Amino acid sequence: MKSGALGLVDTLVMAVAGSAPAYSITASTAALVAAVGIAGPAALWVAFVPMIGITIAFSYLNQWRSDAGAAYAWVGRAIHPALGFLAGWALLSLSTIFMVAAALPAGEATLDLFNPGELHDVMWATGIGVVWFLGVLALVTVGITATAKVQVMMTLLELGALLLVGFLAIWNVHAAPVSNFSWSWFLPQSFGTFQSFSAGMLVAVFYYFGWDVSSNLAEETANAERTAGLGGIAGVLVIFLIFILIQVAVQMALTPAQVQANSANLLPALGHVALPAPWSAIAVLAVMVSAVATLETQLLQCTRLLYSMARDRVIGETMGHLHPRFQTPWLAGFAVAGVSLLLFAASATVPTLNILMSDLINAIGVQVSFYYSIAGIACAWYYRKVLFTDWRVLVFAGIVPLGSALFVGYVGLYQLPQLGWQVSAISIGTIVIGVIPLVYYRRRYRSSFYTDPAEAASVLTMARGAQAGE
């Protein structure tokens, strides 16, 4: 936990890496096409609107309180401590599930390069994914400075590869495209039905998830009150443009049947259209780099959250212990790794990767909806007493966060009954389980986190914040 170790570029890179555009595209595009058909670009830009609203909420909340726990601390201090704990627990549970979902494409990409015959074998993909996961865990344990340097390099490679593959795929098929480009792809009426729209929104929320790691790294960021929020906003803008480019390229270059046939390995399929062998392997490398990068950011997010919760004594205090040499919450990382390895073992028993990835994406999408929506509500609630002191505060700390939170939350609630009891049980059950540690540690530590009064912005606190910004 090195104060001031990260700057604006570092936080922007972390936000992009957290969303993992290459991974999100290759893992989620088939689900998006299945949900909305040709309306993929429309789904991505419509989902972008509330997502940028949530990033603005995070920015305003960072101005109030830069905390490694992010939404856990904000919700707990602004609304209710128990709700804050469950917000933090939701992030822990969805991030742990997400690590399995991220490691599997890394395993598949490795197989695509070195052992294509076993490309869709669940055991092989899971085993190699575990190896990548353990390597990333070692890197995160070493420290934020080394992690940030590696992350910048990997993210630049990933973005460069995505731009190359996207533009070349469009260029190579523009004369005889599978589907001619149409502006109708961007129109909301292309969804057809409300169910299609809602299903597409849930998948699109999964696309964007992960940028908020910049807020969990705020205590290690210089000028965190401003930089952490700006990094998240800029990161979401970058990935939005990349998502639109690749979605258009996919719809011009691949048939729906090809998309579904390569549902867990889509970007490499697009790479074969964009580039001849062996250069098409650039797309495979992009997926591998992206999956590893998002494993790194998720581990950073989980360990920083556990550190904050342990510091507040709402969870086991050992989770807050820093490594004597590297100054990282290493025990928290090992705890998350232990749970993740159990999930890896369970995932190896699923018949096909397509079924496994579809269930994981939907379960994570519901949990992300809860996590982001409660953070947006916390922003509007914290600033409620000063909303009418300035139109900018009213719009950007009140209306935009609340409207975005209600939209994202509604998508998760509406889709939940459509996903089947297994996915619903994973989504809700893993959050509800958090009540057990909440009650246990609340009785054990009697933390002041639960007894301190809730906080709210006042004219005085706003004035202090403005002076600090100056």
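**Notes on two openings and a helix pair**

1. Fifteen is not the number to dwell on here; look at the middle. The second largest pocket has 15 lining residues, and those nearest its centre are Trp-89, Leu-92, Ser-93, Thr-96 and Val-339. Bear in mind throughout that this is a predicted model.

2. Where does the lining of the second largest pocket come from? At least two residues each are supplied by α5 (81-114), α14 and α17 (421-432). Of these, α5 gives the largest share, with 5 residues.

3. On volume and chemistry: the second largest pocket takes up about 380 Å³. Its lining counts 12 nonpolar and 3 polar residues, with no charged ones.

4. Now the enclosed space. The count is 2 cavities of 30 Å³ or more, and the largest cavity holds about 60 Å³. If you want to find the largest cavity on screen, its lining is Leu-137, Val-140, Thr-141, Leu-299, Thr-303, Arg-304, Thr-328, Pro-329, Trp-330 and Gly-333. Two or more of those residues come from each of α6 (122-142), α13 (281-311) and α14 (330-347).

5. The lining of the largest cavity is mixed by class: 5 nonpolar, 4 polar and 1 charged. The second largest pocket, for its part, has no charged residues in its lining. Helix α14 is worth a look in both places, as it gives two or more residues to the lining of the largest cavity and at least two to that of the second largest pocket.

6. Next, a helix pair. Helix α10 (residues 224-253) and helix α12 (residues 266-274) have axes that come within 11 Å, crossing at roughly 65 degrees. The crossing of α10 past α12 is left-handed. On the α10 side the contact uses Ile-246, Ala-249, Val-250 and Ala-253, and on the α12 side Leu-266, Leu-267, Leu-270 and Val-273. By class, that contact has 8 nonpolar residues, with no polar and no charged ones.

7. The spacing of those contact residues is worth a thought too. An α-helix has 3.6 residues a turn, so residues three or four places apart point the same way.

8. Last, is α12 enclosed or open? It is largely enclosed by the rest of the structure, because 7 of its 9 residues are buried. The buried ones in α12 are Leu-266, Leu-267, Pro-268, Ala-269, Leu-270, Gly-271 and Ala-274. Among them, Leu-266, Leu-267 and Leu-270 also take part in the contact with α10.

Methods. Residues are numbered from 1 along each chain as its sequence is written. This is a predicted model: local features need pLDDT of at least 70, side-chain atom pairs count only at pLDDT 80 or more; totals for chains, interfaces and linings use all residues. Side-chain values use heavy atoms; hydrogens and water are left out. Axes are lines fitted to C-alpha atoms, for helices over the stretch in contact, and angles run from 0 to 180 degrees between N-to-C directions. Helices (H or I, at least four residues) and strands (E, at least two) are DSSP runs, numbered from the N terminus. A crossing is left-handed if the near helix is turned anticlockwise from the far one by less than a right angle, and right-handed if clockwise. Contact means heavy atoms within 4.5 Å. Ala, Val, Leu, Ile, Met, Phe, Trp, Tyr, Cys and Pro count as nonpolar, Asp, Glu, Lys and Arg as charged, and the others, Gly among them, as polar. Buried means under 20% relative accessible area, exposed over 50%, partly exposed in between (1.4 Å probe, protein chains only). On a 1 Å grid over the protein atoms alone, a cavity is a set of points where a 1.4 Å probe fits but cannot get out, and a pocket is an open set with protein on both sides within 12 Å along at least five of seven lines; lining residues have an atom within 4 Å of a point. Grid points are joined across faces, edges and corners, and a volume is the space filled by probe spheres set on the points.
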